[in-house]
Amino acid sequence: MSIPGLFVTATDTGAGKTFVGTRLIEGLRAGGLKVAARKPVESGCPEVEGRLVPRDAEALRQAAGAWEPMDTVCPIALREPLSPPRAARRMKRKLFLDELVAACKAPDEAGFMLVEGAGGLFAPLAEDALNADLARALGLPVLLVVPDRLGAINQALLGIHAVTHYGLKLAGVILNQLEPELPRGMDNLADLRLWTGAPLMRLPHGAGPEALRALAEDLARA
């Protein structure tokens with residue numbers, strides 16, 4: 001990858017990767033960078049007027065300023081809410097890593113590439129690849145999104161271990177608060193700091209466009 005970039009993944013599906021990704025893109029754009037957003041494959045896409053619409057990819061595209069067509073941001077839209085290789089097979093096709101890598105090529109005018117995976121870090125992404133394999137093939141550091149709830153410490157530490165032992169660079173861990181209120185007395189951020197030196201950050205519920213501005217600036221300088 002010839003420009004700075006990031007691979008956004010999670011400890012599980014539904015962790016809020018797209019929300020985190022859009023906030024990061026907004027922060028990068030505020031710093032003057034033109035961001036190429038990519039979600040090379042998305043499953044569970046609803047059909048609108050005869051066309052499958054990848055909603056997560058569209059959110060990333062809009063955050064980036066919609067300067068690239070949807071077919072570039074997400075060239076593979078799949079109907080059923082299954083793992084991409086299984087959803088693809090249900091549509092009489094097969095996905096392979098090389099196709100996904102090619103879909104993540106950055107245009108010359110881009111100053112940063114943000115790629116969002118599908119599901120968790122070790123979820124199947126193609127017939128021959130997990131999400132982690134795409135991150136490694138692209139040579140991108142990994143941002144791990146963890147739902148900020150009971151069980152987050154175990155999930156985060158397992159995720160950190162998986163990233164580093166798979167030969168990937170860990171850009172950081174985002175504790176994403178999915179619910180308006182946290183359980184009384186819970187502080188996963190403070191507890192995780194006792195167990196890891198990895199960069200950690202909490203993203204409050206419903207955080208606005210400026211929430212990840214500082215992180216975005218750090219990533220742009222990396």
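Me: A polar contact is a pair of N or O atoms within 3.5 Å; within protein, one must be able to donate a hydrogen and the other to accept it. With that in hand, which side chain has a polar atom 3.0 Å from the backbone nitrogen of Ala198?

Reply: That's Thr196: a polar atom of its side chain lies 3.0 Å from the backbone nitrogen of Ala198. Keep in mind that we're looking at a predicted model. Thr196 sits in the loop between α8 (188-192) and β12 (200-203). Beyond its neighbours within four places in sequence, Thr196 is in contact with Leu157 and Ile160.

Me: Is Thr196 buried or exposed?

Reply: Buried means under 20% relative accessible area. Thr196 has 17% relative accessibility, so it counts as buried. Arg61 makes a nice companion case: its relative accessibility is 17%, so Arg61 counts as buried too.

Me: Where is Arg61 found, and what does it touch?

Reply: Look in helix α2, residues 55-63. Not counting residues up to four places away in sequence, Arg61 touches Ala66, Glu68, Pro69, Met70 and Val73.

Me: Let me try another arginine. How should I read Arg51: what is its relative accessible area?

Reply: The exposed class begins over 50%, with partly exposed between that and the buried cut-off. Arg51 comes out at 46%, so it is partly exposed. The residue is found in strand β5.

Me: Which residues is Arg51 in contact with, leaving aside its neighbours within four places in sequence?

Reply: Pro46 and Asp71. The Asp71 one deserves a click: a polar contact of 2.7 Å joins the side chains of Arg51 and Asp71.

Me: How do I compare sequence distance with distance in space? What separates Arg51 from Gly32, for instance?

Reply: Put the two numbers side by side. Arg51 and Gly32 are 19 residues apart in sequence, and their C-alpha atoms are 33 Å apart in space. Then try Ser43 and Pro84: they are 41 residues apart along the chain, and 5.8 Å separates their C-alpha atoms.

Me: What else is Ser43 in contact with?

Reply: Outside its neighbours within four places in sequence, the list holds Leu78, Glu80, Leu82, Pro84 and Ala87. Ser43 itself lies in the loop between β3 (41-42) and β4. Its side chain has a polar atom 2.7 Å from the backbone oxygen of Leu82.

Me: On to backbone angles. What sign of phi should I expect for a residue other than glycine?

Reply: Most residues other than glycine have a negative phi. So the positive ones are handy to flag. Glu49 is one of them, with phi near 50°, and Lys92 has a positive phi near 65°.

Me: Where are Glu49 and Lys92, and are they buried or exposed?

Reply: Glu49 is in the loop between β4 (47-48) and β5 (51-52). Its relative accessible area is 82%, so Glu49 is exposed. Lys92 belongs to the loop between α4 (84-90) and α5 (97-103). At 78%, Lys92 is exposed as well.

Me: Which residue follows α6, and what is its phi?

Reply: Gly139, with a positive phi near 70°.

Me: While we're there, how many of the eight residues of α6 are buried?

Reply: Six, so helix α6 (residues 131-138) is mostly covered. The buried set is Asn131, Ala132, Asp133, Leu134, Ala135 and Leu138. They pack against β1 (5-10), α5, β7 (112-116), β8 (124-126), β9 (129-130) and β10 (142-147).

Me: Now zoom out. How many helices and strands are there in the protein, and how does its radius of gyration read?

Reply: There are nine helices and 12 strands. For 222 residues, a compact globule would have a radius of gyration near 17 Å; the protein has 17 Å, so the two agree. Along its principal axes, the C-alpha trace spans about 50 × 35 × 35 Å.

Me: What about burial, contacts and charge over the whole chain?

Reply: Of the 222 residues, 50% count as buried. Among contacts between residues at least 6 apart in sequence, 76% join residues at least 24 apart. The accessible surface comes to about 10400 Å², with 52% of that belonging to carbon and sulfur atoms. As for charge, the protein has 25 positive and 26 negative side chains, and the centres of the two sets lie 2 Å apart.

Terms used:
Residues numbered from 1 in each chain as written. Predicted model: local features only at pLDDT ≥ 70, side-chain atom pairs only at ≥ 80, totals over all residues. Heavy atoms only, no water. Helix = DSSP H or I, 4+ residues; strand = E, 2+ residues; numbered from the N terminus. Buried < 20%, exposed > 50% of the residue type's maximum accessible area, 1.4 Å probe, protein only. Contact = heavy atoms within 4.5 Å. Rg over C-alpha atoms; globule rule 2.2 N^0.38 Å. Areas by Shrake-Rupley, 256 points an atom, 1.4 Å probe, with all protein chains shown as cover. Lys, Arg positive; Asp, Glu negative; His and termini not counted. Charge placed at Lys NZ, Arg CZ, Asp CG, Glu CD.
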